[in-house]
Amino acid sequence: MASEVTYADLKFQDSFKAQRIQEFDNIQEIEHPALSPVWRCSALGLLILCLLLLIGLASLGILFFQAKKTNTEQLNGLEKNLSLQLETIANISKEKEMIQSNLTDALQEMATKLCRELSSSKPKSQIYHACKPCPKDWDWHENSCYSLERKQQTWEDSSKACNNRNSSLVKIDSKEEWSFISSFQNYQYIWVGLSRSPSSWQWKWEDGSALSPDLISFAPKDRTLGKMCAITYYNVFHSSLCTDNRYYICEKAAGLVKKFTAD
C-alpha cells in the first residue's frame, strides 16, 4: 500500500512538471512572437533614414567649417588690403606735407632775397620797405634786427631799455656781423651785451655763452677789479665801467618777410 502511494505521488509530480514545462513554453511563444516581413522592412527603412540623416548632418558640418574658413581668409585679406591702403594714404599725406613745407621754404627764401635787394636799392633815408621783417627805423641784417639808440645810459639801464622793446643788447656772433654793426656806429663807443663778473676774468654774453675765440679782440687789457662791461669801437672791444654812460644797440630776431607790392 505504501509503495502504491509512492508511485502515485511520483506519477503525479511528473505529470505536474510536464504541465509546468508546457505552460512555460506557451508563455515564451506568446511573449516573443516572430517578426513579420512588414516590420522588418520598416525597421530597415528607419535605419537607412537615420544613416542618411547622419551623413547629411556631417556634410552640412563640413560645408559650414569650409565656408567659415573661406570667409575668415577673405576677411583677413580685406583687412590687409585696407591696412595697405591706409598706409599708402598716410605716406601720400606725409609727402604732400613735405612738398608743401619745401615749397613754403623755397618761396620764403625767394621772398627774403627779393626783399633784401629791394631794401638795399633804396636810398639810406628810404631803406625801410614794406616787406622788411623788422620794425620801422630798425636795420635788418641776416636773421636779426638792430636799433642804434642815441640816448646815453649805463650798461644795466641800456639792457633794461632793450628788454622793454622785446630785444636785448647786441650779441656779436661773427666778424661779418661785427663789420655790419661798425658800419653805422658813427665813431661812437657802443655798449654790447658782453660783461665780466667781479669773480672771473672771463667775458660772457647776457645769455651766459662765452665770447667766441675768433672775436677776442680787446684793447690793452684792463685789470680793474669789479664788474666790467664791454663796448665796441670798429671791430675792437674795450672794457669799461658798467656805470659809464654810452650809446647802445638793441638786437632781436627778425620775423618772416611780409607780403608786399613793389613800388
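Start by selecting residues 43–65: this stretch is 100% helix and 0% strand, and its end C-alpha atoms sit 33 Å apart. UniProt, in an unreviewed entry, labels residues 43–65 as a "transmembrane region". Keep in mind as you click around that this is a predicted model.

Next, jump to helix H3, residues 155–164. Show the side chains of Trp155, Ser158, Ser159, Ala161 and Cys162, which are buried. Now look down the axis of H3: the buried residues fall within an arc of 160°, so they line one face of the helix. Swing round to the other side of H3 and you'll meet Lys160 and Asn164, both exposed.

What do the buried residues of H3 pack against? Colour strands S2, S3 (168–169), S4, S6 and S8 to see their partners. Before leaving, click on Asn166, which follows H3 and has a positive phi, near 55°.

Now for the nonpolar cores. Select Ile172, Val192, Leu194, Phe237 and Ile249: these have the most contacts inside the largest nonpolar core, a set of 20 residues. To see where that core draws its residues from, highlight the elements that each give it two or more: strand S2 (144–153), helix H4 (175–182), and strands S4 (190–196), S5 (203–205), S6 (228–232) and S8 (246–253).

Last stop: a second core, separate from that one, with 17 residues. Pick out Cys115, Trp140, Ala161 and Trp191, which are among its members. You've already met Ala161, as one of the buried residues of H3.

How values were computed:
Residues are numbered from 1 along each chain as its sequence is written. This is a predicted model: local features need pLDDT of at least 70, side-chain atom pairs count only at pLDDT 80 or more; totals for chains, interfaces and linings use all residues. Side-chain values use heavy atoms; hydrogens and water are left out. A nonpolar core is a set of buried Ala, Val, Leu, Ile, Met, Phe, Trp, Tyr and Cys residues joined through side-chain atoms within 4.5 Å. Buried means under 20% relative accessible area, exposed over 50%, partly exposed in between (1.4 Å probe, protein chains only). Helices (H or I, at least four residues) and strands (E, at least two) are DSSP runs, numbered from the N terminus. The arc is that of the directions from the helix axis to the C-beta atoms. Contact means heavy atoms within 4.5 Å. UniProt positions are given in the numbering used here, feature names are shortened, and annotations may be inferred rather than shown by experiment.
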